[in-house]
Amino acid sequence: MSPLADLLLAEIDTGAEQWLGLLQGFVRIPTPNPPGDTRAGAAHLAGFLAAQGLEHRTIAPLPEAPNLVAQFDTGRPGRHLVLNGHIDVFPAGDPARWKHGDPWSGTIEGGRLYGRGVADMKCGTVASCITYALLHRHRDRLAGKLTLTAVSDEETGGRWGAGYLFAHHPEYVRGDCCLNGEPSSAHTVRWGEKAPLWLAFTVRTRGAHGAYLHMSESATLIALDLAERLEAVTALEPETPPAVARNLAAPEVRAALDRSMGSGAADLLNRVTLNIGVLEGGLKTNMIPSECRLEADIRLPFGVSKARVWAKVQEILVDFPQVTVAEESIAEETGANWCDPDGEMLHLIQDVAVRVRGLRPVPIATLALTDARWWRNAGIPAYIYGCAPDGMASHDESVAVEEFLHVIRVHALAAAAYLEAR
Amino acid sequence: MSALEAELLNRLRAEEARSVAFFQALLRAPSPNPPGDTRAVSTLLLGALRDAGLDPTVIAPRADLPNIVARFDAAVPGRHLVLNGHMDVFPAADHEWSRSPWSGEIVDGAVHGRGACDMKCGLASLTLAFLHLHALRDRLRGRLTYTAVSDEETFGPWGARYLFRHHRDLVLGDCLLSGEPSSSQCVRFGEKSPIWIAVTVRTPGAHGAYTHASASATKIAGRIVRALDEELRAIPVRTPDNLLAMFRDPAIARQVDEGCGAGHAALIPEVTLNIGRLSGGLKMNMVPGECRLEADIRLPIGLAREAVRPHLERVLAAFPDATWEEISNPEDAPNWSDPDGEMMQILRRTVREDGRPAPVPVVSVGATDTRLWRYHGVPAYVYGATPLTMGAADEHVAVEEFLHILRVHSLAAARYLTAGG
């Protein structure tokens, strides 16, 4: 490790109380999405940047959901690294279920900081801001450019956040690499995500009295037949890219997947899965249903394009003239997103984690989506390293203070190593 | 045709416009069941009865589900005929209809609205027939009782079943005439019997991407439906010989299919399965932890429900994540009256004289309150609207058919109450 790394580690330790205060203040500002008003949260981060003497700007296509960006250029030719996090969080649910009676308490107890969104992902977003500030101090030792992006609608799909920046402000996001602090646990680093294909089917028939089977087909029976026929998508064989296949087959990767997502997860990562999330038809026991709604949640692995699954679904639907279908996932997304499971930034993250904590995070892909997909879909490598997802989307979400500092250390040192002038 | 019958016909012809308006008014009073509030309909019926100087009894064990009983005694003693109809109708999904399900509008010669077939056509007809015969009561013998009940659609405990439990002497009579749908091609003398079961599947549930983490309640429900279907198809039915001959008569089958839709006759001796409701899952991207289904199974004459229960138990025992219960009345059974009884003969003759082919005797695939009279040994016959749009969107009955049914009900009742005189 370079002298710069040592310097950064010392500064992170010295500033520990300040960093924790920044995170605690951020957690105490409710930014649930929906409804998605993140103005106060964005102002909190902007206040930190201003206090550090850092220029920044707000890009707010939706006034209540501002995106915060900051960028510096070292003046030396080099690469462009983008730090990305989000300001919005899951809704908090019933406050009474939280042990401090308030999802926005920011209480620190037993070495943990509690609050909605602290894991997903205020810990990571604050780590990005601190990384940006620290690297700015030492910009004379770096080459290339560093950009900070803190966006406001990750939880509802990203159209007005990361997606908007890609469409309208590519200079802030189209870098050479993206580092993101979404929850991953210190033990894994993430390089890819399966993609959802959400299809809502509606079966319509004439309907009739429940004893008059000759008068109408049954919308519920057709829906059940359709559900069974749709299982065919799970038999589609992925054409897995070699680099991905090597990763998925590695025993340490499979073990890490089963450990973090439950036994069987490693097998699922490489398969198309089908969940019939909703099935709803019929008004009354003794009527033949004239309408049934079926919502299918299909997850695409690496090497199965959405187009291929759509083609299979359309082929099945030829036998179901009573059925209409609409896609409810993002139509522009063509499939799973991924970058090199053996890429440079991934190795930097592993090396730093070994140095500062003696553990080597395993490179895995995941089942759920983050904003990292915007970068990966644009051909830009994006890696996720963050805290454990304790209590994520549930009550009593929390992060260990020590883990928060660990995430800052890994982000700051990996970013510095990526940009360090040679 | 007797002088009385001729006078009755004249009265009916003179009041056709008012009769149709009454039918429309009943359709404009929504009474979907569930939820089953029938007070708007009962208000109209009570008004008509009271305007004629009658003093109807309202029997309402639940205030929102009133039952109406009215009666009169004719000049001389005789037999007791009971008329029965129900005020509640199927629910309607508004968006599937071309106009409001409660419009009562006349379009292309047909009256439209939820319940037009089942059975506000028959209810309007029986009500008006009762009023006309009341006006002519001095020339009849015996007693005529009118019953309009409130929860036929759910076979609930507050309608006909309540009357039988608490007011049996009031409603039993010597013969029952019902205006449930039958089509003018058929008179129904018996019916299949429903077994309804509710099945609930429970699994742990999970995030929708984690299909390894939990079995899916909706997928298990699908397997249960397929297993039920296979099992029920294989159960043998022992149809009584005299009925079997009738079921197999191609001339009868042709007429049944003409009246009630192609394929109808073939369902009469079969076990059928309908999944009336299916409901599972909260959100697209969650593996459902619960799914509920309601199966509507119909038993033909010759298959006792005790014979079916072990089959249901066997199928469902194979699904440890499922629990189930019967939600129909466990005392119900397929039932029938004499296919050649007196009221059958009267109805056939009356229909023929009104210019239509004599209807054939048929067992209904659906169940009605008439079963309660048959359980008590009272012959019960059904003559009513063509059921082709029953339970479907844009349910309707031709104005001409309604007026035909009104004439048949009125004349048949008059003939029953004058026979032997």
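1. A disulfide is taken here to be a pair of cysteine sulfur atoms within 2.5 Å, and in this predicted model the count under that rule comes to zero over all chains. Cys177(A) is accordingly in no disulfide, and the nearest cysteine sulfur to that of Cys177(A) belongs to Cys178(A), at 7.0 Å. Cys339(A) is likewise in no disulfide, its nearest cysteine sulfur being that of Cys177(A), 7.4 Å away. As for their surroundings, Cys177(A) has a relative accessibility of 2% and therefore counts as buried, while Cys339(A), at 7%, counts as buried too.

2. A reader new to the model may next turn to a sheet in chain A. Strands E4, E5 and E18 of chain A form an open sheet in that order, with antiparallel pairing. Its edges are taken by strand E4 (108-109) and strand E18 (398-400) of chain A, each of which pairs on one side only. Strand E5 of chain A, covering residues 112-114, is joined to E18(A) by three bridges, and the two run antiparallel; within this pairing, Leu113(A) has Val399(A) as its bridge partner in E18(A).

3. Two helices accompany the sheet of chain A. Helix H4 of chain A, residues 118-137, lies across E5 and E18 of chain A and runs at about 50 degrees to E18(A). Helix H14 of chain A, residues 401-419, packs on the sheet as well, touching E4, E5 and E18 of chain A, and its direction makes about 75 degrees with that of E18(A).

4. Chain B can be described along the same lines. There, too, three strands form an open sheet, ordered E4-E5-E18 and paired in the antiparallel sense. Strand E4 (106-107) and strand E18 (396-398) of chain B stand at the edges with a single partner strand each, so that one side of each has no neighbour in the sheet. Strand E5 of chain B, residues 110-112, pairs with E18(B) over three antiparallel bridges, and Val111(B) stands opposite Val397(B) of E18(B). Across E5 and E18 of chain B lies H4(B), which runs at about 50 degrees to E18(B), whereas helix H14 of chain B (residues 399-416) lies across E4, E5 and E18 of chain B and runs at about 70 degrees to E18(B).

5. Another strand of chain B deserves a separate point. How many of the ten residues of strand E9 of chain B are buried? Nine of them are, so this strand, residues 193-202, is largely enclosed by the rest of the structure. E9(B) is joined by ten bridges to strand E13 of chain B (residues 290-299), the two running antiparallel, and in that pairing the partner of Arg202(B) is Glu290(B). E9(B) also pairs with strand E14 of chain B (residues 322-326), again in the antiparallel sense and over five bridges, with Thr323(B) as the bridge partner of Thr200(B).

6. Aromatic pairs come to nine over all chains. In one of them, the rings of Phe72(B) and Phe130(B) have centres 5.3 Å apart and planes at 40 degrees, so the pair counts as tilted. Phe72(B) belongs to strand E2 of chain B and Phe130(B) to helix H4 of chain B (residues 116-135), so the pair ties together parts that lie 58 residues apart in sequence. Both Phe72(B) and Phe130(B) are buried, and ring pairs link these two with Tyr146(B) into a cluster.

7. Arg71(B) also lies in strand E2 of chain B, which spans residues 67-73. Is Arg71(B) buried, partly exposed or exposed? With a relative accessibility of 38%, Arg71(B) counts as partly exposed, because that value falls between the limits of 20% and 50%. Beyond its neighbours within four places in sequence, Arg71(B) is in contact with Leu54(B), Phe130(B), Arg143(B), Leu144(B), Thr145(B) and Leu170(B). Phe402(B), by contrast, is 331 residues from Arg71(B) in sequence and 23 Å from it in space, taken from C-alpha to C-alpha.

8. A last point concerns charges that sit over rings, for which each chain offers an example. In chain A, the charged end of Arg79(A) sits over the ring of Tyr418(A), 3.8 Å from the ring centre. In chain B, the charged end of Arg79(B) sits over the ring of Tyr416(B), at 3.9 Å from its centre.

Conventions:
Residues numbered from 1 in each chain as written. Chains lettered and ligands numbered in written order. Predicted model: local features only at pLDDT ≥ 70, side-chain atom pairs only at ≥ 80, totals over all residues. Heavy atoms only, no water. Pairing = 2+ DSSP bridges. Helix = DSSP H or I, 4+ residues; strand = E, 2+ residues; numbered from the N terminus. Contact = heavy atoms within 4.5 Å. Axes fitted to C-alpha atoms, helices over the stretch in contact; angles between N-to-C directions. Buried < 20%, exposed > 50% of the residue type's maximum accessible area, 1.4 Å probe, protein only. Phe/Tyr/Trp six-rings, centres within 6.5 Å; stacked < 30°, edge-to-face > 60°. Lys NZ or Arg CZ within 6 Å of the ring centre and 35° of its normal.
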